[in-house]
Amino acid sequence: MTDTTAPPVRAPVSGAFIAGLTLAQVGAFLSFTPLLSILVPLKAAAIDPVNKAAIMAEVSLWAAVVAGLANLLAGAVSDRTLSRFGRRRPWIALGLAGTVASYLVIMAADGYWGLLAGLLIFQLCFNFLFGPLLAVLPDQVPDAQKGRVSAFAGLAPPLGAVFGVVLTGVLLPTEAMRYAAIAFILVVAIGPFVAFARDPPSAERTWLRLTPRPLKFAVINPVAYPDFAAAWLSRLLMQLTLSVVSIFALFYLQDRVRGAPGPSAEAGLAVLIVVATVFHIATSLAGGFLSDRWGRRKPFVIAGGLFLAAGTLILALAPVWPATLAAYALYGCGFGLYQTVDAALVAQVLPSLRDAGRDLGVLNLANTIPQILAPILGLWLLGGSQNYTALFALAAISALLGAVVVNRIRSVR
């Protein structure tokens, strides 16, 4: 059951709108993928080479807590925003400015507390950018276009990852150049969307004001909305797999993999991400368009979970370079299918169209809770024994369970 307070029928969106949203999401992913997978781990290693995994796990844990709370707040606040610039755009612009500023804090960090402070500021500002940006899809895209729009928007994770890792891990040799590059690309990518995207202004035409409706957080009853609850649990399980791989891939290459090419683990990770990106893009586009054409979402999300499980299990059992390449190819297939079609599926099971930002904030807890659990697992399994086999095996089981849970959704085929 869905609250259809807002009009359920929306005009089809244009190619220009899809291009602008895709570019904005690529910029958003570029702002955090290389930051969390390369730049912050390198900073942790520079601060304390011996305890780098523990530092990374601890700062990631607290950053995930802030991310979850900030995303909830950003979604609910943007739902209630009145302005001549629309509901979402003012917060995207403010989040953009704060995200760029947070890079300076992280880059200047020379100890644990400085790194933690910078990462917390980043998560606060980034989620005020990203939460409203995600709400644009249910706000403005009709159901018949959700798959294809999600397919193009789904290019953001692989493109953001590959450009980010190539820039920060291969092409740019200094820390200052790396941070400057991702800040510049972020502004160039999101700036046009903020300036020109369709986001209808409120009738009051104020600069910025909140409606008096009370903020209601995390009050979605899983019994009343079982499909949303199933989508939430499935995403949590899938995201746990993605978080484990994202946070610990660089250290896995440094500590376990034999025969990796290139002068550094960062270069090896760049190769892996390029491989995953090729498969991600192919399955993302195919899944998005075919799920629209066939009117079916669940089979694609389930297949994505199975591919994720298979790729992660290979990482657990075969820490040699050829097997790692194959694992990332499967991982890219799974990530592409899951991430793209799941976004379209979720947009169809939101409890309230009027409060889409709030509901997406609740859903985002399924993204951020794994970012808390993954570092805890890392502290437990990597702190003394470096048991990457158990860590990635647990991640593979999580993806498999996520695929099973998707089948509980009834209102979407």
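**Entry 1: a word I need first**

I call a residue buried when its relative accessible area is under 20%, and exposed when that area is over 50%. I also remind myself that this is a predicted model.

**Entry 2: helix α7**

With that word in hand, I went to helix α7, which covers residues 175-196. Which residues of α7 are buried? I found R178, Y179, A181, I182, A183, L186, A189, I190, F193 and V194.

Next I looked up the length of α7. Its 22 residues reach 33 Å from the first C-alpha to the last, close to the expected 32 Å at 1.5 Å a residue. I also looked for a bend and found a kink of about 30° at I190. The proline P192 follows shortly after that kink. I190 is also one of the buried residues on my list.

**Entry 3: aromatic rings**

I turned to the aromatic side chains and noted 15 aromatic pairs in the structure. A pair of rings is described by the distance of the centres and the angle of the planes, so I wrote down both values each time.

My first pick was F32 with F126. Their ring centres are 5.2 Å apart and their planes meet at 65°, an edge-to-face pair. Why does this pair tie together parts that are 94 residues apart in sequence? F32 sits in helix α1 (residues 15-47) while F126 sits in helix α4 (residues 112-140), so the pair links those two parts.

F126 has a relative accessibility of 5%, so I count F126 as buried. F122 is buried as well. The rings of F122 and F126 have centres 5.4 Å apart and planes at 15°, so I put this pair down as stacked. The cut-off behind that word is an angle under 30 degrees.

F122 and F126 are four residues apart in α4, about one helical turn. My reminder on helices: an α-helix has 3.6 residues a turn, so residues three or four places apart point the same way.

Which residues make up the aromatic cluster? I listed F29, F32, Y103, F122, F126, F130 and Y179. Y179 was already in my notes as a buried residue of α7.

**Entry 4: helix α3 and the neighbours of α4**

Y103 from the cluster led me to helix α3, residues 89-108, where Y103 is among the buried residues. The others on that list are R89, P90, W91, I92, G95, L96, G98, T99, S102 and I106. The 20 residues of α3 should span 28 Å at 1.5 Å a residue, and the end C-alpha atoms are 30 Å apart, which agrees.

Two packed helices are described by the angle between their axes and the distance between the axes. For α3 and α4, the axes come within 8 Å and cross at roughly 160°. That makes α3 roughly antiparallel to α4, and their crossing is left-handed.

Then I tried helix α2 (residues 52-79) against α4: the axes come within 7 Å and cross at roughly 30°. Are α2 and α4 roughly parallel or antiparallel? They are roughly parallel to each other, since an angle under 35 degrees counts that way. α2 passes α4 in a right-handed crossing.

**Entry 5: helix α11**

Helix α11 runs over residues 321-348. Its 28 residues reach 40 Å, close to the expected 40 Å. How many residues of α11 are buried? I noted 22 of 28, and the helix is mostly covered. α11 also bends by about 25° at D342.

**Entry 6: partners from far along the chain**

I finished with some C-alpha pairs whose members are many residues apart along the chain.

- L21 lies in helix α1 and is buried at 1% relative accessibility. Its C-alpha is 9.0 Å from that of L137, 116 residues away along the chain.
- F152 belongs to helix α5 (residues 143-153). F152 is partly exposed, at 29%. The C-alpha atoms of F152 and I281 are 9.1 Å apart, with their places 129 residues apart in the chain.
- M238 is in helix α8 (residues 226-255). M238 is buried, with a relative accessible area of 0%. M238 and A403 are 165 residues apart along the chain, yet their C-alpha atoms are separated by 7.9 Å.
- A309 is in helix α10 (residues 298-317) and counts as buried at 11%. The C-alpha atoms of A309 and L400 are 5.6 Å apart, and the two residues are 91 residues apart along the chain.

Key. Residues numbered from 1 in each chain as written. Predicted model: local features only at pLDDT ≥ 70, side-chain atom pairs only at ≥ 80, totals over all residues. Heavy atoms only, no water. Phe/Tyr/Trp six-rings, centres within 6.5 Å; stacked < 30°, edge-to-face > 60°. Buried < 20%, exposed > 50% of the residue type's maximum accessible area, 1.4 Å probe, protein only. Expected span 1.5 Å × (residues − 1). Bend = angle between axes of the 7 residues up to and from the residue. Axes fitted to C-alpha atoms, helices over the stretch in contact; angles between N-to-C directions. Parallel < 35°, antiparallel > 145°, perpendicular 65-115°, else oblique. Left-handed = near helix turned anticlockwise from the far one by under 90°.
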